[in-house]
Amino acid sequence: KEWVTIGGTFIPDKTYQYMMIGNFFDHESTTRQEVNPTVKYPASYYYIDDVYVAKQGNRMSFSSGTRVEPGKVYRLDNVLFDFNKAVLKPFSKKELQKLAKLLKKTPTLKIQISGHTDNIGTLKDNMDLSLRRAKAVIDFLTNEGIKTARLVAKGWGETQPVTTNKTAMGRALNRRVEFRVLTK
């Protein structure tokens, strides 16, 4: 009756030439769940969107030995929003809870949350959207017990692309949330 969003990040253990997404098991080996037994021909539909492949840059690793450096910018993976909206997708919360844990562990840490967009829309609208998204992340962190004095929101709109906006993959990479360590 409704779409369910599933998201995540796959980090390979080495360099691969191909990545395939789908169910590659035969019918008998596929685990299925019947959700509406009254339907004459039950079926499922999958819509796969916003899949991209990128080299790993300054992504935040929230392992037990996490260290952050003043001035450095870290990309927050899996912090996503619906098109033209500033409401966090449900699976974004897991990533942000890890950031909240880091902030609680380091009570002197002050960060800037930066929102970025692709170039679809006007510059003014994208600046506003990116700021609202950064503020949505800050709202989440304050609800997790982080003091607002430790958090600064900045919207960059489309002004700091990491790659081209001419392709869907490039636009997906440019739509991102990052944080910069202001003081440690």
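Tutor: Let's say two residues are in contact when heavy atoms lie within 4.5 Å. This is a predicted model, so local features need pLDDT of at least 70 and side-chain atom pairs 80 or more, while totals for chains, interfaces and linings use all residues. Numbering starts from 1 along each chain as its sequence is written, and side-chain values use heavy atoms, without hydrogens or water.

Student: What share of the contacts with a separation of 6 or more comes from residues 24 or more positions apart?

Tutor: Take the contacts in the protein whose separation is 6 or more. Residues 24 or more positions apart account for 70%.

Student: What pattern does the protein follow along the sequence?

Tutor: There are 3 helices and 4 strands, taken as DSSP runs (H or I, at least four residues; E, at least two) numbered from the N terminus. Read along the sequence, the pattern is β-α-β-α-β-α-β.

Student: Which strands stand at the edges of the sheet?

Tutor: The open sheet of 4 strands has mixed pairing (at least two DSSP bridges per pair) and the order 1-4-2-3. Each edge strand has a single partner, so one side of it is left without a neighbour in the sheet. Those are strand 1 (73–76) and strand 3 (151–157).

Student: How many bridges join strand 2 to strand 3?

Tutor: Strand 2 covers residues 110–116 and runs parallel to strand 3. Within these strands, Ile111 stands opposite Leu151. The number of bridges between the two strands is 6.

Student: At what angle does helix 2 run to strand 3?

Tutor: Helix 2 (residues 123–143) lies across strand 2, strand 3 and strand 4 (176–183). Angles run from 0 to 180 degrees between N-to-C directions of axes fitted to C-alpha atoms, for helices over the stretch in contact. For helix 2 against strand 3, that gives about 155°.

Student: Is Arg176 buried or exposed?

Tutor: Arg176 sits in strand 4. Among its contacts beyond four places in sequence are Arg75, Ser114, His116 and Pro161. Buried means under 20% relative accessible area, exposed over 50%, partly exposed in between (1.4 Å probe, protein chains only). At 6%, Arg176 is buried.

Student: Which residue's backbone oxygen does the Arg176 side chain reach?

Tutor: Look for a backbone oxygen 2.6 Å from the side chain of Arg176. The residue carrying that oxygen also appears among the contacts of Arg176, alongside Gly115 and Val162. The residue is Gln160.

Conventions:
A polar contact is a pair of N or O atoms within 3.5 Å; within protein, one must be able to donate a hydrogen and the other to accept it, and residues adjacent in sequence count only if both atoms are side-chain atoms.
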